[in-house]
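Trainee: I should like to take a close look at a single part of this model. Please describe that part in one connected account.

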Amino acid sequence: MEGRTISIGSLSRREGREVIDAWASVPQGLGQLAQVDPGEQRLERLLSAVASDRRSNGSLLGGLFRLRYDREGLDAHVNSMLDALERQGIEGSHVSLLKAFIYVSAIEVAGLDGIDRRLWADLLGIDVRFLRRTVEYRLGTEAATARAGGLVQVRHPELANSAIRLLLARDRGVELGDVYADIVASAISLGRQFDLRNYSRIVHLSTQLPQSLVSVGYLRDKAFAIALKAARASIEAEPALLVYQTDLGSLLRKAHKTKEAIELYGLVDEQVRNFRDWRRAAPGFYFDYSLAFSDASDPYSALLCIAAAWKFEAGSISRADSGKYFVQMTRFFLQAYEETMSDRARLALAGTARLADLAMISAQDHALCVANAAAGKAPARSGLSASQAYELVDKAILLLTRDRGSQTLPGYQTGELQRKTSHLLALV
């Protein structure tokens, strides 16, 4: 193979055999592939790994990483690479080559396929015109990153996962919460000037971070702390958008910080119409607010919030959205019934489940509504007409929530539910 260049992304069977022979000539060169029987099985395993990897782009990376290294071996390889990067500065920048690589890795761990070069340059504090010479070429020689159109990618997702995981044992002066806070703040700022690639996913990446970070080895509490820092950075960068307040409240709720979530939502509720995007974002805000109240065992305020979310839905609500509303409403009525054994809540469960019957929502949502109604010992719903079902639900919301009038939450008006959902019913 001396002097040959092989295109790994389109590996032929002959080239695959040459790769295997070359690896076999080096001690431990076959890595995990040594565990596969020699011959055609080994070749098929190699070709399958290369073909299945969306990043197969040479340098014996891409799909080959899974064959060369186990997790311990990969971390050792990446740790040596990080050592080398940590010692190298970037001309005209305030950060090291290591942090430049961590920015790209952090983006990919969050589930994106790379970082917009303009965003990367802004994070590094250099002109995008100098990015190739000062950063991209040097990381490329380390087999760390590659350019794909207007994006810069880590050569393989496992490299990114390993780099972020290794920060747990040794932070190297790079705090991951700050990294993600920098990314969302810079993206929001640049988004006022440019159409950044993956903009919406980047500015809301905090919502995906807990799951992403746990998957690479972070404890749940640490993952949520990092995500919350990123969510707060979004608000600081753009305080006039309600959607970022909802991102933060939702994360607080999922982190089991229910009291903090309700306090945040309460303050925002008092000024909800002052946010620039309130007409579009209010339904999502009040929907999540309702979940926070439910988590706090306050189904009555939760009902007011879910009604407010319905009220602010623009135009006609879709079947998919109505399904999630019906599910949560039956959940809140069930909570109210279990707390008070109220006949009004029991009848409302029957009414809401009947509306779910008629609204042609998804089978999963319908099953949850029926299950909640059954758990609340709701009477038979099959004989209810749509108008009777609406009346039962209307009365229940009004009567169960009347003691919540001191709150700033919008009050429920008779018929609001029907006005938003009647077009979905098979029978009216």
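Mentor: The account below concerns the small set of paired strands and the helices that pack on it. This is a predicted model, in which local features need pLDDT of at least 70 and side-chain atom pairs count only at pLDDT 80 or more, while totals for chains, interfaces and linings use all residues. Residues are numbered from 1 along each chain as its sequence is written, and side-chain values use heavy atoms, with hydrogens and water left out.

Three strands form an open sheet in the order 1-3-2, and their pairing is antiparallel. The edge strands, each pairing on one side only, are strand 1 (115-116) and strand 2 (145-148). Strands here are DSSP runs of E with at least two residues, helices are runs of H or I with at least four, and both are numbered from the N terminus; two strands pair if DSSP finds at least two bridges between them. In general, strands of a sheet pair through backbone hydrogen bonds, either parallel or antiparallel.

Strand 2 and strand 3 (residues 151-154) run antiparallel and are joined by four bridges. Thr 145 has Val 154 in strand 3 as its bridge partner. Helix 5 (residues 97-109) packs on the sheet and touches strand 1, strand 2 and strand 3, where contact means heavy atoms within 4.5 Å. The direction of helix 5 makes about 85° with that of strand 3; axes are lines fitted to C-alpha atoms, for helices over the stretch in contact, and angles run from 0 to 180 degrees between N-to-C directions. Helix 7 (residues 131-141) lies across strand 2 and strand 3, and runs at about 120° to strand 2.
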